[in-house]
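Here are my notes after going through the model you sent round. I've kept them as numbered points so you can reply to each in turn.

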There are 4 protein chains.
Amino acid sequence: MADAKARIAVLGASGYTGSELVRLLLRHPRVELVALTADRKAGQTMAEVFPQFAPFALPKLVTIDEVDFTAVDLVFCALPHATTQLVIKKVFDAAPNVKVVDLSADFRLKDPGAYEQWYGHPHQALELQQEAVFGLVEIYRDDIRKARLVANPGCHSSTAILPIVPLLEAGAIEPESIVVDSKTGMSGAGRSAKEAMLFSEVSEGIHAYAVTGHRHMGELDQEFSKAAGRPVAPMFVPVLAPMNRGIYATIFVRTTGVRAEDLHSILADYYKGEPFVHVLPFGQVPQSRHVRGSNMVFLGVAADRNPSRAILVSTLDNLVKGASGQAVQNMNLVLGFPETLGLDQIALMP
Amino acid sequence: MADAKARIAVLGASGYTGSELVRLLLRHPRVELVALTADRKAGQTMAEVFPQFAPFALPKLVTIDEVDFTAVDLVFCALPHATTQLVIKKVFDAAPNVKVVDLSADFRLKDPGAYEQWYGHPHQALELQQEAVFGLVEIYRDDIRKARLVANPGCHSSTAILPIVPLLEAGAIEPESIVVDSKTGMSGAGRSAKEAMLFSEVSEGIHAYAVTGHRHMGELDQEFSKAAGRPVAPMFVPVLAPMNRGIYATIFVRTTGVRAEDLHSILADYYKGEPFVHVLPFGQVPQSRHVRGSNMVFLGVAADRNPSRAILVSTLDNLVKGASGQAVQNMNLVLGFPETLGLDQIALMP
Amino acid sequence: MADAKARIAVLGASGYTGSELVRLLLRHPRVELVALTADRKAGQTMAEVFPQFAPFALPKLVTIDEVDFTAVDLVFCALPHATTQLVIKKVFDAAPNVKVVDLSADFRLKDPGAYEQWYGHPHQALELQQEAVFGLVEIYRDDIRKARLVANPGCHSSTAILPIVPLLEAGAIEPESIVVDSKTGMSGAGRSAKEAMLFSEVSEGIHAYAVTGHRHMGELDQEFSKAAGRPVAPMFVPVLAPMNRGIYATIFVRTTGVRAEDLHSILADYYKGEPFVHVLPFGQVPQSRHVRGSNMVFLGVAADRNPSRAILVSTLDNLVKGASGQAVQNMNLVLGFPETLGLDQIALMP
Amino acid sequence: MADAKARIAVLGASGYTGSELVRLLLRHPRVELVALTADRKAGQTMAEVFPQFAPFALPKLVTIDEVDFTAVDLVFCALPHATTQLVIKKVFDAAPNVKVVDLSADFRLKDPGAYEQWYGHPHQALELQQEAVFGLVEIYRDDIRKARLVANPGCHSSTAILPIVPLLEAGAIEPESIVVDSKTGMSGAGRSAKEAMLFSEVSEGIHAYAVTGHRHMGELDQEFSKAAGRPVAPMFVPVLAPMNRGIYATIFVRTTGVRAEDLHSILADYYKGEPFVHVLPFGQVPQSRHVRGSNMVFLGVAADRNPSRAILVSTLDNLVKGASGQAVQNMNLVLGFPETLGLDQIALMP
């Protein structure tokens, strides 16, 4: 039965990354949604929580405790930080052979000290933390294929890591020169009712936030340092833009003597053949709307007037390649499906 | 060779309905894009005109004269009004057996007088005007299957016709009572550079336009009158809302004695089993974002405090069910494909 | 001391109508802000709650109990419905000579039965309800000058009453034909943290709400009936548009035999010389952005193709003429100031 | 006649900076608008071009040739770059004693070579170029008071110069470390009909532009170099955000050994008592909406985790402090009025 469908559970289906998973998985030819959870909305239908799903047959929302994980092949975990590590521990206790793709931040940082520094408490599932694979497919594809637990990276993190890591690995840029200004749409903040997220507080304006330290910086430090072979701590400021979807990072670097064109060549080579990373011609920069709704990352490299400096631009849809699309890409690898299956949607523009 | 792909040409691929056709057709399993035209941008690639297509292989933009229509199975025509009728005449002269789905307004009005009244000049292809089938699948499915030339309806028209026609056919509402307030997003206005369409002229505000007569009223008159069996001329005001996609019609009616619940039953029965029309539970109204990017229409019926009045709400994505998705649905019928093929995308929300 | 400044208290300064009052009053030459209340934010500065006020000297936020109303000339009450009536009763008990302009709905409906019907509970201050004057200056100017308690009308109400009442008084339109489709920006919903008001739930889409009955309908019924001399119950649907400010009502009417031009003449005559109501030339319709940030109402009248029908358009800024600007206009009358004082700001466009 | 009103002409009143000047000047107690020009719209009223002015008495639009500059006290010039220098030359030829505040870029760069480099052609009015004063009041107040020709700075320029110049003058930051990521709303791009400025091309997304060199960099180079006492060429990328108004610059710097707190102290001291510059408490960053519609600049300073680095944030409304409000501030100085006259509007939020 080569084509039996994989049985999928989505924990935390009432948030935006959860609903985006459902959107993608409903149209994936090799999976079947068997359980959707939402603790506070258990008993409701997905159509009540997200009316766009009204025309489709979907399981009712249940609590996590109601899910039989032994009857599930893969679990997507789209729960809040910190509670996730305890939930996944219990999932593996109940069903050691299930696969898990976790969209929270709980398993992204390998170093327990770094985790404690950024999240303010000791990790509660250290052995799983060590087992987890960082789920950025273009960097860790082979490890992900073999993983039981994949830690989907943060949206700001993916956007900055993809252009920077190949350049650091190539020794082409000064590690201490990296400045990342990362603009994000609102959907990344989730669906919780907070005054600062109201339309009237967010539209028709823009602002930086978390300037004294955003948690995704821990992921940048980890991946940049690994690529550079020494500790790297970039400057990073997240900025909230009045739009639903998209991360758009402007990245400023100094080179180690090479020209901006060389940085472009390194990235073009690195991502040649990658289905979801598109490097624009040298000197061109993308727009976030060119990837909206798709699983694509668009990268641009431009020269600065000072030949030892360069500007990189990276953009993706935070709910797709920055979260749920990336998660499905990870699932495809973990379950042995073609990597692009169910992820072929083209950007919606306008 | 049951699965040989149909060869498709898109005339006018550099506008928003053109790019939306390309977006949908690129992922349609039974078609192959063999020609894309854009007279003023001939010679350019689609990626230059719409960067979101950069990762995909597509034919270069050419002029209409460069297309060999005898090597094409179906032509989508997304050209401006008035020139379309001459172009399609020439297409059929060159290739009488080709099928055409026209997204312009040129073939929607059956009555030559009505055409001349709304468009200000006599029709130049009267015999084709008579041959054309009004391409609203849920109303004219059988005719469309046999058609050579399908006239895709206007976006405001589709939105209002779908809830109103079944009620008029059932004699359930007073024909002279119909009031339609039809809100639209900006993409319906196309991609031409006009001051009134600038971001700074459109965002953070709302306004009615064409209050003295919008051309889609000709389509409403035609279809409402046919359904009622006597002349109907509704009140209709289009309103421009600061959003990209979506038509959202609030419709006010007086019943012929039945209750609002009865109107709901009539619509629920009429659209039972329709893949692209979803009637919400009585008393609920949809949001335009619940259909954004999808080929769905969502319909709602609510009671007024006066039992002889009722409120209908109808919403669709003007670029999908209101234009290019509807056109692909028409193509599927004309070419004998399953009606929903390539149209299964779920709404993007947020 | 003819020019001694009036001492003003704003109850409920932490909401949008409260902050809009502060914005207007800070620049009003004849008033002094002596007390600002916000029960849950008492102890904070306005700058903490609304950073745009950081450069200005303002009293700290306190609780209502901390205000000495005998040292206040006029109180603006921008509190939630239902609690307001109890608060104002206590204010008058403590300081019977203070003037009050109330922005809540508590004193708008004269009929106790109508109040109970729309608000679900008996009124708790019936004698004040009878004393209160409906604060739509252009209709009730003389009464307002003499009032102790002014009930500022609802934003949807003001927008529809201003064009409709003169026409009903003139007997020029059929009372039972009135249909009001009233689009509103988000700021009218206030600053409370609710999921349905998040940016991601509101932007890039549009939807009707409260279709089974919006409370402002009580105000329309009251004022329309009074103007017509018989009970009038219009059709009314409010629609939420993705913008911060603005009410934009499209109104559909049948005339009593006169032409649309006559409706225009009636309105142009009625509002001749009014500083805050501008009637556009016949056939033109306004945009909500043309009044944004100002205290203006723009009215348009257009002909329908059926000479016994007409389209009216009315727009104002819900936070200014629809709430706080209207309240300051009422204050100017109550305190004997020139009516336009402090209200001369021109619309911000773009 | 100490209070005789100054006679003002606005050249280029049909663009957004022109209409913003009219909005401000209509409410300025010491000026009278005597001439408004718009070559292509000459003969029209301002109400036809900008309906928000319909309620106000304003001179008709005329051509520049129709203006008698000897009957004018001060001219605002809001014309396109390059043509401006020829127009102003002719104005001074006709009326040598008139004052001019120029909102174009023509007189901002002192060095003829720099002008030619950034604008691609030799300057046509070199003696006026030398005479002009750079119109950033907080830096050049005394010079502006005595000036006949004031060159209003660019919007991106003002936003970055205000926080950076005091720090460079104090020797507190490394000149070569400066990185400016400057987000702007759409109104800065003007009112010309271009495809790239359509709502559907700009909303719901974000993108960098002019990455290979924006003309405002010439102004940054000039002012930064002067402040540092040696050539400075910062990294600068402008980014277009989906909003009407606002410039929001995130600025990344390395200090010369001092801490971020020290940078904050330097700015707080420098701008103490300035009516239009507000420095937030250390560690806080502003939002662009907190200055929207006002003439304020809000500055924030935050520490980076690396003590030798810091993050500066600067925001203003591009049409007010970034253009027309700044111009009125300049006018007030040039004509000897109180500096804040007519500029006291508080930000509109939401």
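1. Let's begin with Lys183(B), which sits opposite Val239(B) in strand 10 of chain B. The two belong to a parallel pairing: strand 8 (residues 179-184) of chain B runs alongside strand 10 of chain B, with six bridges between them. Keep in mind throughout that this is a predicted model.

2. Which sheet does that pairing belong to? In chain B, seven strands make up an open sheet in the order 9-10-8-11-14-13-12, and the pairing is mixed. The edges are held by strand 9 (207-208) and strand 12 (277-279) of chain B; each has a single partner strand, so one side of each has no neighbour in the sheet.

3. Chain B has another open sheet of seven strands, this one ordered 3-2-1-4-5-7-6 and with parallel pairing. Strand 3 (61-62) and strand 6 (133-134) of chain B are its edge strands, each pairing on one side only. Further in, strand 5 (residues 99-102) of chain B runs parallel to strand 7 (residues 149-151) of chain B, and three bridges join them. If you want a spot to click on, Val101(B) stands opposite Val150(B) in strand 7 of chain B.

4. For strand 4, I looked at chain C. Are the faces of strand 4 (residues 74-77) of chain C covered or open? Both are covered: Leu74(C) and Phe76(C) on one side are buried, and so are Val75(C) and Cys77(C) on the other. With a cut-off of under 20% relative accessible area for "buried", that applies to each of these four residues.

5. Strand 4 of chain C also has partners to either hand. It pairs in the parallel sense with strand 1 (residues 6-11) of chain C over four bridges, and Val10(C) has Phe76(C) as its bridge partner there. Strand 4 of chain C likewise pairs with strand 5 (residues 99-102) of chain C, again parallel and over four bridges. Here Phe76(C) turns up once more, standing opposite Val101(C) in strand 5 of chain C. To get from strand 4 to strand 5 of chain C, the chain passes through helix 3 (residues 83-94) of chain C, and this β-α-β crossover is right-handed.

6. On annotation: the UniProt record, an unreviewed entry, places the feature "domain: Semialdehyde dehydrogenase NAD-binding" at residues 7-147 of chain A. I'd treat that as a label from the record, since such annotations may be inferred rather than shown by experiment. In the model, residues 7-147 of chain A are 35% helix and 17% strand, with 18 Å between the end C-alpha atoms.

7. Now the charges. How many salt bridges does a search of the whole structure find? Over all chains, the count is 83. One of them joins Arg148(A) to Glu131(A), where the closest N and O atoms are 2.8 Å apart. Arg148(A) is in the loop between helix 6 (137-145) and strand 7 (149-151) of chain A, while Glu131(A) is in helix 5 (residues 126-131) of chain A, so this pair ties together parts 17 residues apart in sequence. Arg148(A) counts as partly exposed at 24% relative accessibility, as does Glu131(A) at 31%.

8. Compare that with a buried pair. Asp317(B) and Arg245(B) form a salt bridge, 3.0 Å from N to O. It links distant parts of the chain, 72 residues apart: Asp317(B) is in the loop between strand 14 (309-316) and helix 11 (320-334) of chain B, and Arg245(B) is in the loop between strand 10 (235-240) and strand 11 (247-254) of chain B. Both residues, Asp317(B) and Arg245(B), are buried.

9. In chain D, the side chains of Asp181(D) and Lys183(D) also meet in a salt bridge, at 3.0 Å from N to O. Asp181(D) and Lys183(D) are both buried. In chain A, salt bridges with shared partners connect Glu20(A), Arg23(A), Arg245(A) and Asp317(A) into one network.

10. Last, the symmetry. A turn of 180 degrees with a shift of 0.0 Å along the axis lays chain D on chain A at an RMSD of 0.0 Å, which is the relation of a two-fold axis. Of the contact residues of chain D, 100% recur in chain A. Chain C also superposes on chain A, by a rotation of 180 degrees with 0.0 Å of shift (RMSD 0.0 Å). Because 100% of the interface residues of chain C are interface residues in chain A too, these copies meet through the same surface.

Terms used
Residues are numbered from 1 along each chain as its sequence is written. Chains are lettered from A and ligands numbered from 1 in the order in which they are written. This is a predicted model: local features need pLDDT of at least 70, side-chain atom pairs count only at pLDDT 80 or more; totals for chains, interfaces and linings use all residues. Side-chain values use heavy atoms; hydrogens and water are left out. A salt bridge is a side-chain nitrogen of Lys or Arg within 4 Å of a carboxyl oxygen of Asp or Glu. Buried means under 20% relative accessible area, exposed over 50%, partly exposed in between (1.4 Å probe, protein chains only). Copies are superposed by least squares on the C-alpha atoms of residues with pLDDT of at least 70 in both. Contact means heavy atoms within 4.5 Å. Two strands pair if DSSP finds at least two bridges between them. A crossover is right-handed if, with the strands pointing away from the viewer, the path from the first strand over the helix to the second runs clockwise.
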